[in-house]
Amino acid sequence: MTGPAELPSRMTVIAITQPGGPRVLRHEKRDLPELREGEILVRVRAAGVNRPDVQQRKGAYPPPPGASDLPGLEVAGDVAALGPGTKRWRVGDQVCALTPGGGYAEYCRVHETNALPIPHGLTFTEAAALPETFFTVWHNVFERGGLKKGEWLLVHGGSSGIGTTAIQLAKAFAAHVIVTAGSAEKCEACLALGADRAVNYRTEDFVAATKEATGGQGVNVILDMVGGDYVARNYDAAAVEGRIVQISVMGGAQGTTDFAKLMVKRLVHTGSTLRPRTVEFKAGVAAALEAQVWPLLAERRIAPVMDMIFPLKEAWRAHERMEEGAHIGKIVLDVA
């Protein structure tokens, strides 16, 4: 490992002391992580907070083999040291990165191919809000879902970090967007970002609203984080040759549906998770983002929607905020 001699031997981290509520998150001291082939050490200035962090805290989403047991899937900061075989980065470069764990800490190791330069003009806290959501949306909406110019996208949870990112990216690539959200305030926020139609799922039927907005045709791509009884309704809302992409099952991992609709409409129902994927897979997504999306961020044509920022040692408050469900956009930890 090469880097400045002044690196400390210990760092402050937020650990999960036992499965449970937000208060099980406690700060403690640990040794700096050892770098492996192709990895860089990032001095973390900010870390994103995501739903998988909450699930891991509850004991429902263990880290993949070889990953840190600390929560935190995205960071932004300075390159502090270089592991063997690294080629792209230099000590002092400012990066944001996707990591399989370990982001809730002063230092985090990531593979150099899973790091990206911080887009011009973005702060560390804004940059920390990018990797997890942008990797997820790009792969699932554009690569797996195949969203094209002029098509209709339905996003469930439109005011979440994933949702606000999906709205902006879909509009940037000339698609139409319908979202569902749980309050008038959240619907208004989605419309302000460019959504063509926002459906308050507490008071409206998203299937009927979707059919009305599309002239009865239905939507071409659905990004679903709910699952459960939404599966059957998604099949109703989808257009012929529609693609449904499942990225979470917050409403339940099981449900019933009429598979005849899948056949008659020639639907594709697929899904994915990001965290367990290989470094090489994530590197491919990173390259696509840098080429096609990072210029939009640098030009401020799109930007992360920020909800609240908490200091690292108050990560438990960030988890409370996420579980309350009132947030619009990203929750971030300030580590600097």
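This is a short tour of two pockets, one helix and one buried threonine in a predicted model.

**Stop 1: the largest pocket**

Start by selecting R51, S160, M225, S248 and M250. Of the 47 residues lining the largest pocket, these sit closest to its centre. The pocket itself has a volume of about 1200 Å³.

Now colour by secondary structure. Which elements each supply at least two residues of this lining? They are the helices α1 (51-57), α3 (131-144), α4 (161-172) and α11 (315-324), along with the strands β9 (176-181) and β15 (330-334). Put α3 on screen for a moment: the largest share of the lining, 6 residues, comes from α3.

If you switch to colouring by residue class, expect 19 nonpolar, 20 polar and 8 charged residues in the lining of the largest pocket.

**Stop 2: the second largest pocket**

Next, pick R36, G66, A67, P100 and R109. They lie nearest the centre of the second largest pocket, which has 30 lining residues. Two or more of the lining residues come from each of β2 (25-31), β6 (107-111) and α9 (279-292). Zoom in on β6, since you'll find that it gives the most to this lining, with 5 residues.

How much space lies in the second largest pocket? About 440 Å³. Its lining divides by class into 13 nonpolar, 8 polar and 9 charged residues.

**Stop 3: helix α5, one side and the other**

Move on to residues 184-193, which make up helix α5, and show K186, C187 and C190 as sticks: these are the buried residues of the helix. Why do they end up on the same side of α5? Because they cover an arc of only 100° around the axis. As a reminder, an α-helix has 3.6 residues a turn, so residues three or four places apart point the same way.

Spin the view to the other side of α5 and you'll find E185, E188 and A192, which are exposed. To see what the buried residues of α5 pack against, bring up α4, β9 and β10 (197-200). You have already met α4 and β9 as contributors to the lining of the largest pocket.

Before leaving, click on G194, just after α5: G194 takes a positive phi of about 120°.

**Stop 4: T210**

Last, go to helix α6, residues 206-213, and select T210. Is T210 buried or exposed? T210 counts as buried, because its relative accessibility is 0%. Leaving aside residues up to four places away in sequence, show what T210 touches: L154, I178, G218, V219 and A237.

Notes: Residues are numbered from 1 along each chain as its sequence is written. This is a predicted model: local features need pLDDT of at least 70, side-chain atom pairs count only at pLDDT 80 or more; totals for chains, interfaces and linings use all residues. Side-chain values use heavy atoms; hydrogens and water are left out. On a 1 Å grid over the protein atoms alone, a cavity is a set of points where a 1.4 Å probe fits but cannot get out, and a pocket is an open set with protein on both sides within 12 Å along at least five of seven lines; lining residues have an atom within 4 Å of a point. Grid points are joined across faces, edges and corners, and a volume is the space filled by probe spheres set on the points. Helices (H or I, at least four residues) and strands (E, at least two) are DSSP runs, numbered from the N terminus. Ala, Val, Leu, Ile, Met, Phe, Trp, Tyr, Cys and Pro count as nonpolar, Asp, Glu, Lys and Arg as charged, and the others, Gly among them, as polar. Buried means under 20% relative accessible area, exposed over 50%, partly exposed in between (1.4 Å probe, protein chains only). The arc is that of the directions from the helix axis to the C-beta atoms. Contact means heavy atoms within 4.5 Å.
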